[in-house]
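Good morning, and thank you for coming. Today I shall present one structure, and I ask you to keep it in view while I speak.

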There are 2 protein chains.
Amino acid sequence: MPPRLKEIAARLDLSVTTVSRALAGYPDVAEKTRQRVVQAAQEMGYVPNVAAQRLQQKRANAIGFIIPTFGPRFSDPFFSELIAGIGNEAGRQGYDLLISTVPPGEREIEMYRQQTFSHRVDGMILVRTRHQDPRIAFLVENNFPFVAFGGSDQNLDFPFVDVDGVYGTRLAVEHLAHLGHRHIAYLSGPDNLLFSTLRRQGFAEAMADQDLIVEKQWILEGDLTESSGHALTKQLLNGTDHPTAVIAANDLMAMGVMAAAQALGIQIGQELSVVGFDDIPLAAYANPPLTTVHQPIYRIATMVTSMLIQVLNGHTLAERKKWLQPNLVVRQSTGPAPAF
Amino acid sequence: MPPRLKEIAARLDLSVTTVSRALAGYPDVAEKTRQRVVQAAQEMGYVPNVAAQRLQQKRANAIGFIIPTFGPRFSDPFFSELIAGIGNEAGRQGYDLLISTVPPGEREIEMYRQQTFSHRVDGMILVRTRHQDPRIAFLVENNFPFVAFGGSDQNLDFPFVDVDGVYGTRLAVEHLAHLGHRHIAYLSGPDNLLFSTLRRQGFAEAMADQDLIVEKQWILEGDLTESSGHALTKQLLNGTDHPTAVIAANDLMAMGVMAAAQALGIQIGQELSVVGFDDIPLAAYANPPLTTVHQPIYRIATMVTSMLIQVLNGHTLAERKKWLQPNLVVRQSTGPAPAF
DNA sequence: TTGAAAGCGCTAACAC
DNA sequence: GTGTTAGCGCTTTCAA
């Protein structure tokens, strides 16, 4: 339906070559001709066929983001913030964004092979890096451009942005300790995620520094969903001995913690303090508003994307490994430890 | 880096054509040859160059979803549910999903022109349809395949799925009326969205049927964000005369309503009842859990996507206009009207 | 300053 | 059954 270069050329009695060069802004086209071409293209509503351009130029002008889905859905504000940031920055710089979803595992790497080898995308964004991450191994091995949100424990050199989870969790522990809490539980994320172990490590270190004892049965592993936070909390509050505070590895689980405790008639902020990690937009609107470690997800997403595009444009990055310091946002879900 | 058809052909001493046909599963290839080809392709890690396929076949095997962003971000559980559904269904059927964001307005239609005329995508998903929606006009006019989540007031024939918002809001009003509420406020979405007017109309009709008076100053228009719900609620509760219940056009605003009221020391479910619309996953984990009109966003997203793919495959749809009946999920944010 | 020709990698019509 | 040829729409040498 829309015209092709051939039609424009025919109408102006020029060759396709000249029209192409005129539109691309090459200097070796007469100014007069250039203007005629540009105007005709405008009038006829010309839009280049990207398949042809991509085939010829061997670049897709697109970046890929494969969401590692754990359930059948990936409805998680963390991911929507990410998509927002990646999408906006990619669009701003003239790149398409290709989204796919796949659960971690065998099929995941096959997906990466498809996306990369098929020339669908020029580069990829990786998130929630894992221990001995097979995705990183694959991309590095094939020398395919990518930038990660999250570092790695592999001895591989690749660009990434990450938030210091050890430090962030330390902030949470110190905050609670200063409020007099001595019995603090920790809800971790899946152990294979790099950030999970870092945050948990931060918890352990900070607890030790505060001379607080970490109770084994108060360290539980969830899957980062509200329902998981909910379920683990029921388990946690089941025994006779309760923690007075819970730190969750992310906000979604923290929301689950609050809901479960409240269902048992427990006052959050008084009887039980809760701290999250992420500071998703809803954290401020929770009841009570959630104290949480703030990481600028949206901004990290744009950073990661713009770094990737720099790489794709052949630039070298000033800083290949960026570590950001998070900060604690204190709201009403935390308060002084209850007296016994 | 990955091999092309030419390499496979050379290695097996076949023509590119035969290799292509063997891989495509054409019957006019000797079984023996087919096996050799398939195995070689497997061994060599062949992945077709999609740009070439797309150019040749004149189809992108991709669908587009342009998110109408109202702010700089589109972090909204409604959209993440949608992306989840669209992405999963598209992936399942072998389609790529191209995501872009653009605020409604001039540039929006230009974006649609780019996506469609450039052959980036074969079809599009449209959401949050508007009055005299220029996107629908554009797509219908250009005969470009699309399916919408939301009907239209234009006299145009196109496939869509929608939820009966008039009925849904009626359920909310009736629920509150049965609880004895007579002073009900309504927080609407932007007036240009079709569903906003339908839901508001449902509100007006149901109120009339219950012989309840609609107070002009208790009908406010928000932008569907929590912060908007928050701000409007402060305004609503500012005067001397309060409603005893608020119905919000979506859950996010309802969350804002609850937070704002609670900040004023108001007990939700006792002093003020709140009803939302959508039933996003977090509604159940709100405090108190939110009474809301449930619409199956994820399922609608997969329906819309599978309908679009059917259209792209040349099938005619059994049902081009699907209306779904929502249901009310009663939780703890609503309760008997307080006695005065 | 412009045009002719080649080719990106693939599929499809048509021979053989 | 298999190969030859042409062509999708574009960019890019290379000549003129």
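Please note at the outset that this is a predicted model. Let us begin with DNA strand C, which is surrounded by 24 residues. The closest of them are A:A30, together with B:L5, B:T17, B:S20 and B:A52.

Which helices supply at least two residues each of the surface near DNA strand C? From chain A, they are α2, residues 16–24, and α4, residues 50–57. From chain B, they are α1, spanning 5–12, as well as α2 (16–24) and α4 (50–57). The largest share of this surface belongs to α4(B), with five residues. As for the character of the surface near DNA strand C, 10 of its residues are nonpolar, 11 are polar and three are charged.

I now turn to the contact between the two chains. Chain A and chain B each bring 48 residues to it. On the side of chain B that touches chain A, two or more residues come from each of α4, α5 (77–92), β2 (96–102), α6 (106–117) and α11 (251–263) of chain B. Among these elements, α5(B) gives the largest share, nine residues. This side of chain B consists of 25 nonpolar, 15 polar and eight charged residues.

Finally, I would like to consider the strands. How does β2 of chain A run relative to β2(B)? The two strands are antiparallel, and three bridges join them. The strand in chain A covers residues 96–102. Within this pairing, A:L97 is found opposite B:I99 of β2(B).

Thank you for your attention.

Conventions: Residues numbered from 1 in each chain as written. Chains lettered and ligands numbered in written order. Predicted model: local features only at pLDDT ≥ 70, side-chain atom pairs only at ≥ 80, totals over all residues. Near = placed C-beta within 6 Å. Helix = DSSP H or I, 4+ residues; strand = E, 2+ residues; numbered from the N terminus. Nonpolar A, V, L, I, M, F, W, Y, C, P; charged D, E, K, R; others polar. Contact = placed C-beta atoms within 7 Å. Pairing = 2+ DSSP bridges.
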